[in-house]
Amino acid sequence: MPGTLQPRLDAAIALLRGGDHAGAERAFRELLAEGERRSDRDLERMALVNLSATLIAQRRLDEAEALLLRAVQLARSQGFDLGASTPLYNLAWRAFYQRDFDRAARLTSEAAAAAGTSPPFDLGLLLALMDARLATRHGLFDLARAALARAAAAIPSARDPDLANQVLMAQGIVEYRAGQRAGLDLVLAGAANVKTADRQDLAARWLTGLAYLAAAAGDQDAASRLGAAAQRLARAPDFPTPEQCASYLKA
């Protein structure tokens, strides 16, 4: 990528992480057009991946999927499997968000295979976090803990500082589901530090789902604390029912 474009890409990514999704979308669309004009396939692919992340944050999931499939096809047409790994992960995340857990697991495996031993940027952490979430759903707590240990080890070098909160919440969910009440404090601590509206929506889903499971198990104190914390967070218009939120955490 030409050096003059890297600052523009970095600035657009900063807008995305800061929650300015409209600004990030404009910037990534401009970069995508620039990549197409220059026939710069690397820039085009990176713009597609980041634009799709911006659309996912805005819950425009069908638009995002079309862009991600285009990015995967573009990387594979270049014989660049590593370049397909991030869009494959984003497709897996879209599937998980929509509670298509079998597809999420399949696409996560494809993304990990494409990434190999050198996943780009924060992808290794994200793949480990997805492995942990999928294992937690099935009550495979030791597998989930091992995956979260890999994720936690990657936090010091993470480019996205909010991933530390995502890992902390996931660790708390595993421990609470495994019968360790101390996990409740981890979940609440992680959720309290989430800043952007789209990430708050996700945290609210985890809290609401865990509150539902706690109530079903007769832990009314935990259900009350989790439910109150969830009410303080932003929510997307498509926010699921408590039972649907619980399906993110338990099969």
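The following exchange concerns a predicted model of a protein and the reasoning behind its description.

Me: What makes the protein an all-helix chain in this description?
Reply: The protein has 13 helices and zero strands. Read along the sequence, the pattern is α-α-α-α-α-α-α-α-α-α-α-α-α.

Me: Why is the protein called as compact as a globular protein of that length?
Reply: The globule rule gives 18 Å for 251 residues, and the radius of gyration of the protein is 18 Å, so the description as compact follows. Along the principal axes, the C-alpha trace spans about 60 × 35 × 30 Å.

Me: How many of the residues count as buried, and what does the term require?
Reply: Buried means under 20% relative accessible area. By that cut-off, 53% of the 251 residues count as buried. The protein exposes about 11100 Å², of which carbon and sulfur atoms supply 52%.

Me: How do you know what span is expected of helix α9?
Reply: The expected span is 1.5 Å times one less than the number of residues. Helix α9 (residues 163–177) has 15 residues and reaches 21 Å from its first C-alpha to its last, close to the expected 21 Å.

Me: Which elements do the buried residues of α9 pack against?
Reply: They pack against α7 (123–137), α8 (141–154), α10 (183–192), α11 (197–216) and α12 (220–231). Among the buried residues of α9 are Leu-163, Val-167, Met-169, Ile-173 and Tyr-176. Just after α9, Gly-179 takes a positive phi of about 100°.

Me: What is the separation between the centres of the positive and negative side chains?
Reply: The centres of the two sets, 30 positive and 29 negative side chains, lie 1 Å apart.

Terms used:
Residues are numbered from 1 along each chain as its sequence is written. This is a predicted model: local features need pLDDT of at least 70, side-chain atom pairs count only at pLDDT 80 or more; totals for chains, interfaces and linings use all residues. Side-chain values use heavy atoms; hydrogens and water are left out. Helices (H or I, at least four residues) and strands (E, at least two) are DSSP runs, numbered from the N terminus. The radius of gyration is taken over C-alpha atoms; the globule rule is 2.2 Å times the number of residues to the power 0.38. Buried means under 20% relative accessible area, exposed over 50%, partly exposed in between (1.4 Å probe, protein chains only). Accessible areas come from the Shrake-Rupley method with a 1.4 Å probe; for residues, only the protein chains shown count as cover. Lys and Arg count as positive and Asp and Glu as negative; His and the chain ends are not counted. The place of a charge is taken as NZ of Lys, CZ of Arg, CG of Asp or CD of Glu. Contact means heavy atoms within 4.5 Å.
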